[in-house]
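This report covers ring packing, a pocket and a strand arrangement. Please view the sequence and the model shown here first.

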Amino acid sequence: MYWQRIHIAIGTRVQPFAFATQVVIERSWRTLGDTCKLTLPRDTKVRGGVSLKDVFRRGDAVRVQMGYNRELREEFTGFVAHAPKTHN
């Protein structure tokens, strides 16, 4: 049986995490680079009860690895272009 795995590292202020609601990676010669849109659960908190929207900043390094079981492949590396949206 195969188990899907994901490993997401963003910046240095939080530990890497292994969950996402949605990950969309687009590779195109038209955009002159890859893009990755991460959707995380709305009320996700990091240690100390801090909201993710208060931790991620534009320019933070991003690395996304995905795969099955313990075999992860690097699917995206880049930087945060837009800060997380605030939901009211």
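Phe 17 counts as buried because its relative accessibility is 9%, where buried means under 20% relative accessible area, exposed over 50% and partly exposed in between (1.4 Å probe, protein chains only). This is a predicted model, in which local features need pLDDT of at least 70 and side-chain atom pairs count only at pLDDT 80 or more, while totals for chains, interfaces and linings use all residues. Residues are numbered from 1 along each chain as its sequence is written, and side-chain values use heavy atoms, with hydrogens and water left out.

The accessibility values and classes are tabulated below.

| Residue | Relative accessibility | Class |
|---|---|---|
| Phe 17 | 9% | buried |
| Phe 19 | 35% | partly exposed |
| Asn 69 | 29% | partly exposed |

A pair of aromatic rings is described by the distance of the centres and the angle of the planes. Rings of Phe, Tyr and Trp (its six-membered ring) pair if their centres lie within 6.5 Å; planes under 30 degrees apart count as stacked, over 60 as edge-to-face and the rest as tilted. The structure holds three aromatic pairs. In one of them, Phe 17 and Phe 19 have ring centres 5.1 Å apart and planes at 40 degrees, so this pair is tilted. Phe 56 joins Phe 17 and Phe 19 in one aromatic cluster.

Phe 17 and Phe 19 also line the second largest pocket, together with Arg 13, Val 14, Gln 15, Thr 44, Lys 45, Val 46, Arg 47 and Leu 52. A pocket here is an open set of points on a 1 Å grid over the protein atoms alone, with protein on both sides within 12 Å along at least five of seven lines, and lining residues have an atom within 4 Å of a point. The volume of this pocket is about 190 Å³, taken as the space filled by probe spheres set on the points. Its lining has five nonpolar, two polar and three charged residues; Ala, Val, Leu, Ile, Met, Phe, Trp, Tyr, Cys and Pro count as nonpolar, Asp, Glu, Lys and Arg as charged, and the others, Gly among them, as polar.

Strands (DSSP runs of E, at least two residues) are numbered from the N terminus, and two strands pair if DSSP finds at least two bridges between them. An open, antiparallel sheet has three strands in the order β1-β6-β7. Its edge strands, β1 (4-10) and β7 (71-79), each pair on one side only. Strand β6 (residues 61-68) is joined to β7 by eight bridges, and Tyr 68 stands opposite Glu 71 in β7. Asn 69 lies in the loop between β6 and β7. The phi of Asn 69 is near 55 degrees, a positive value in a residue other than glycine.

Conventions. Helices (H or I, at least four residues) and strands (E, at least two) are DSSP runs, numbered from the N terminus. On a 1 Å grid over the protein atoms alone, a cavity is a set of points where a 1.4 Å probe fits but cannot get out, and a pocket is an open set with protein on both sides within 12 Å along at least five of seven lines; lining residues have an atom within 4 Å of a point.
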